[in-house]
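The following exercises are to be worked with the sequence and the three-dimensional structure at hand. Each task is followed by a stepwise solution.

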Amino acid sequence: MTSQQQRSVSLQDAIWNGSVPLDIRLSPSECRVYDEADSYLIQYPRLSYLPFLLPRLHAFFTSFFIDPTSAPHEGWFSYEGVPLKWHYPLGLLYDLFSGAPPAQAIDSEHDHSPSRPYSSTIPWRLTLHFTDWPGEQLVQPDTEGKVLHDAFINSVKEADFLRNGTAKGIMSLSKDDSTQLWTAVQEHRRSAFDPIFQKLMYAQGAPLRHIPLKIYLPSSPSASEPSSGHLRVVQSLITPFFQGTKEPQTLGMALHALLPTLFPSRRTPILAKPVLHGAVVPMSSQVEGLLREAAYLDGWLHLGLVMIS
């Protein structure tokens, strides 16, 4: 195995094993002892989704409920009063809302690990609710979990279509493969996930058409969306090569094309830094390589931005 392949494997291992310590507390307004209920502490995978925790959280907090009739699927999370979108991976939510400084990549011949500064946001304290669903901001899941499943699969389909110009890859999976994929996501089981994901990522053996990339920008509240947690999501058709040439497209090129006011330079972050999986991404990173090595479970690159003060 070459040194480049070893670095790629190490990066994928680090991403898969990445986690966030959580301190989850029941909303005082729903707790019969107000704010004296025990916290639920867990080290939870960055790639996973918060709704998978709801059955065990519901069981843990049942004795503290004011309303004992609440159901697990009615649970939702907030951070500092902002409802958290349940279909976003935990790592993305943490990068967007926690305020934790991202890890800085060490550009060294011998050390390729990120360096993370101390963060007072660890553990990340979230509030759990089972009443007063914020219907204007969140779609409510169902008892069987079909809404969550469909949201994930639809995201996988969209990414598949962008990569290949067709969603044939995901649509042609056998029933067993489809079940294995979803079960692996729920259980965060890499040995079951990777074989199916590789079928999708390298479907048809054809070159990539476009890179599934979403960029998340903090946005000022508006009259229609007054929440302080409102985000603007930017996406466009990003090709693996730069403007019809044979030059590989870098992240800096893509960001300059999509957000030239925030990224006036293709090489140097001047006003904002791109963050992926909790780490600042070098502007020189090739977007195809990022997709192959650092996509989320739905096949997307979910990129946050941190302003440079």
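Two strands pair if DSSP finds at least two bridges between them; helices (H or I, at least four residues) and strands (E, at least two) are DSSP runs, numbered from the N terminus. The model is predicted, so that local features need pLDDT of at least 70 and side-chain atom pairs count only at pLDDT 80 or more, while totals for chains, interfaces and linings use all residues. Residues are numbered from 1 along each chain as its sequence is written, and side-chain values use heavy atoms, with hydrogens and water left out.

**Exercise 1. Determine the strand order and pairing of the sheet that contains E1 and E7.**

Step 1. Strand E1 (residues 19–26) and strand E7 (residues 124–129) run parallel and are joined by 5 bridges; Ile24 stands opposite Leu126 in E7.

Step 2. Between E1 and E2 there are 6 bridges, and these strands run antiparallel. Val20 stands opposite Tyr44 in E2.

Step 3. Strand E3 (residues 76–79) runs antiparallel to E7, with 3 bridges between them. The bridge partner of Phe77 in E7 is Leu128.

Step 4. The result is an open sheet of 5 strands in the order E2-E1-E7-E3-E4, with mixed pairing. Its edge strands are E2 (40–45) and E4 (82–83), each of which pairs on one side only.

**Exercise 2. Describe how H3 is placed: is this helix enclosed or exposed?**

Step 1. H3 packs on the sheet and touches E1, E2, E3, E4 and E7, where contact means heavy atoms within 4.5 Å. The direction of H3 makes about 110 degrees with that of E7; axes are lines fitted to C-alpha atoms, for helices over the stretch in contact, and angles run from 0 to 180 degrees between N-to-C directions.

Step 2. Buried means under 20% relative accessible area, exposed over 50%, and partly exposed in between (1.4 Å probe, protein chains only). In helix H3 (residues 90–97), 8 of the 8 residues are buried, so the helix is largely enclosed by the rest of the structure. Among the buried residues are Leu90, Tyr94, Asp95 and Phe97.

Step 3. Just after H3, Gly99 takes a positive phi of about 80 degrees.

**Exercise 3. Which residues have the most contacts inside the largest nonpolar core?**

Step 1. A nonpolar core is a set of buried Ala, Val, Leu, Ile, Met, Phe, Trp, Tyr and Cys residues joined through side-chain atoms within 4.5 Å.

Step 2. The largest such core has 87 residues, and those with the most contacts inside it are Leu22 and Trp124.

Step 3. Not counting residues up to four places away in sequence, Leu22 touches residues including Tyr40, Ile42, Leu90, Trp124 and Leu126.

**Exercise 4. Which residues make the contact between H4 and H6?**

Step 1. The axes of helix H4 (residues 146–164) and helix H6 (residues 175–187) come within 12 Å and cross at roughly 110 degrees.

Step 2. H4 and H6 are therefore roughly perpendicular to each other, a class that covers 65 to 115 degrees; under 35 counts as roughly parallel, over 145 as roughly antiparallel and the rest as oblique.

Step 3. H4 contributes Leu148, His149 and Phe152 to the contact, and H6 contributes Leu181, Trp182 and Val185.

**Exercise 5. Identify the edges of the sheet that contains E10 and E12.**

Step 1. Strand E10 (residues 272–276) and strand E12 (residues 301–307) run antiparallel, joined by 4 bridges; Val275 stands opposite Gly304 in E12.

Step 2. The open sheet of 5 strands has the order E9-E8-E12-E10-E11, with mixed pairing. Strands E9 (231–234) and E11 (279–280) stand at the edges with a single partner strand each, so one side of each is left without a neighbour in the sheet.
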